[in-house]
Each structure stands twice: as structure tokens, then as C-alpha cells.
Amino acid sequence: MALRVTVYGENSHEFQENHPIKGIYPDGMHEAIAAGIREQLGDAVEVRTVVLQDPEHGLTDEVLAQTDVLTWWGHMAHDKVEDAVVNKIHARVLGGMGILCLHSAHYSKIFRKLMGTSCSLCWRDGDSETVWNVAPGHPITEGVPMVFSIPEHEMYGEYFDIPAPDELIFISNFAGGEVFRSGCTWRRGYGKVFYFSPGHESNPIYHQPEIKKIIGNAVKWLAPTMPSPTYAPGAPNAKPGWWKNGRHE
Ligand code: ZN
């Protein structure tokens, strides 16, 4: 069965009107991210997009139950995401759903809840970023150069207030000398989390081949690897030999 991927985009109207984003992403960033995943993974994935403005942000119980990997890009409207939806996403990650948090999603409700820390960082406008692959051999870096450049990007720098990552995949440095842990993984319950910082809306980051490759690899790596009590609500509990009432039989 194809991997079921849901791409969430903030897609705020005011945000689009105030930024050059329309020229770079005429259909919205979420559609560019989704197109990149389809291009990388082909028939191995079924990708749908949802936006903040949809009822329940498009993340209904049904959609979440049918999502193996969720990707999240948000910036200006983290506080408009309903807590009830965030709690459901959190439960799904603990139950096995993978989540890819991109760029300013470091401040999203779901990422902060998964991390348990402030997730604050240092930032400033335009710079060039050099991304260093510090995990050769990891599935996320398969076919990714050991080092590559993003000609123009917002600077995100340390200190990044996150729990120590389970795996550090990328480190970035900037023309100003700053460094940043730009690709990090964690496990939360049965689920996997990957944070990847490139993706400022004013730069064509999600059109860049290396970035598309990394996101495709990440989606594949984030796929659930085993059933869990909450992975498919209702189903695993019904299976003898698996979990029942929280106990392994
Ligand atoms: Zn940004």
C-alpha cells in the first residue's frame, strides 16, 4: 500500500499578500512541498494537502487516521491552530505517525508539545547558508551531497532550545559565522520526528533539488515501522497477540 502523506500549509491570505511568496509558489508552499514529494517518491506515496483555513485545518479524525506521515509548515498563525487538533496529532505521533516539521514550524504548537521545550532560536534576515551532511549513511541523507549551499536564506542560529536530538543529520553555517542544528531526529512513543530548517517563504527553497531529495528521503524514513495500540484506532486492539487494554499479550 502506498505511504499516505498529508502536507499541512498555513496558507494565510494576509501572509501571501505581504510577501513575494506568490511569485515563488503560485499555488502555495504546501502544493510545492507536495509536488516535490510526489516527484521523489512517485507511486510509493499518496499525497494530499490541507490548509489552516479548512475546517479542523483539514485534519479530521478520518484524515489523521489515514495519514502515515504529516508534514507541517507554518509561520504567522501558529496560535490559530486549534488545541484540540494539536492534541490529536500528538496522540497520532505517539501512536506511530511520522511528522516532518519544516522551517518556522519550530514554533508550531505541535513541535513545541512534542519537544517539551521553548524551541526558540536566533534569527535574522537574508544570508547564504551552507548545509553540512553529518550523518552519511542515514536514510535521510541517501544521495545527498556531503555539503551544499542555499544561495539566499534566512539565518536560523544557535542556541536552538530543543532536547538533545536522537540523531543529528545536518548542521548549517552562515556568512555571519553562526551555526545551527538544521536537521534533527527524535522518537516520540512509536512515532518519529524530523525537524529540517530550510524553507523561508521568500526564497525558492522547496524548488531546490537537494531540498526535495532530503524531504522525500525524510518522508520515507518517517513512515511507521510497526503497529501500535493507537496507530490505527480500533484495529490493533482487536488483533489477538497484540495489545489489549494497554497490556502486551
Ligand atoms: Zn522564515
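This passage describes the zinc site, the largest pocket and helix α7 of a predicted model.

The zinc ion is coordinated by three protein donors, H103 through NE2, E154 through OE and H200 through ND1, at distances of 2.0 to 2.1 Å. Along the chain, these donors obey the spacing H-x50-E-x45-H. E154 and H200 join distant parts of the chain, being 46 residues apart: E154 belongs to strand β6 (residues 147-157), whereas H200 lies in the loop between β9 (191-196) and α7. Burial means a relative accessible area under 20%. E154 is therefore classed as buried, with a relative accessibility of 8%, and H200, at 12%, is likewise buried.

The largest pocket has a volume of about 210 Å³. Its lining consists of H75, H78, S104, H106, Y107, L121, W123, D125, E154, Y156 and H200. Strands β5 (122-133) and β6 are the elements that supply two or more residues to this lining. By class, the lining comprises 4 nonpolar, 5 polar and 2 charged residues. The zinc donors E154 and H200 are among the residues that line the pocket.

Helix α7 covers residues 209-222. At 1.5 Å a residue, its 14 residues should span 20 Å, and the end C-alpha atoms are 20 Å apart, so the model agrees with the expected span. The helix is mostly covered, with 10 of its 14 residues buried. These buried positions are I211, K212, I214, I215, G216, N217, A218, V219, W221 and L222.

How values were computed: Residues numbered from 1 in each chain as written. Predicted model: local features only at pLDDT ≥ 70, side-chain atom pairs only at ≥ 80, totals over all residues. Heavy atoms only, no water. Helix = DSSP H or I, 4+ residues; strand = E, 2+ residues; numbered from the N terminus. Expected span 1.5 Å × (residues − 1). Buried < 20%, exposed > 50% of the residue type's maximum accessible area, 1.4 Å probe, protein only. Donors = N, O, S within 2.8 Å, 3.2 Å for Na, K, Ca; no water. 1 Å grid on protein atoms, 1.4 Å probe; cavity = no way out; pocket = protein on both sides within 12 Å on 5 of 7 lines; lining within 4 Å. Points joined across faces, edges and corners; volume = space filled by probe spheres on them. Nonpolar A, V, L, I, M, F, W, Y, C, P; charged D, E, K, R; others polar.
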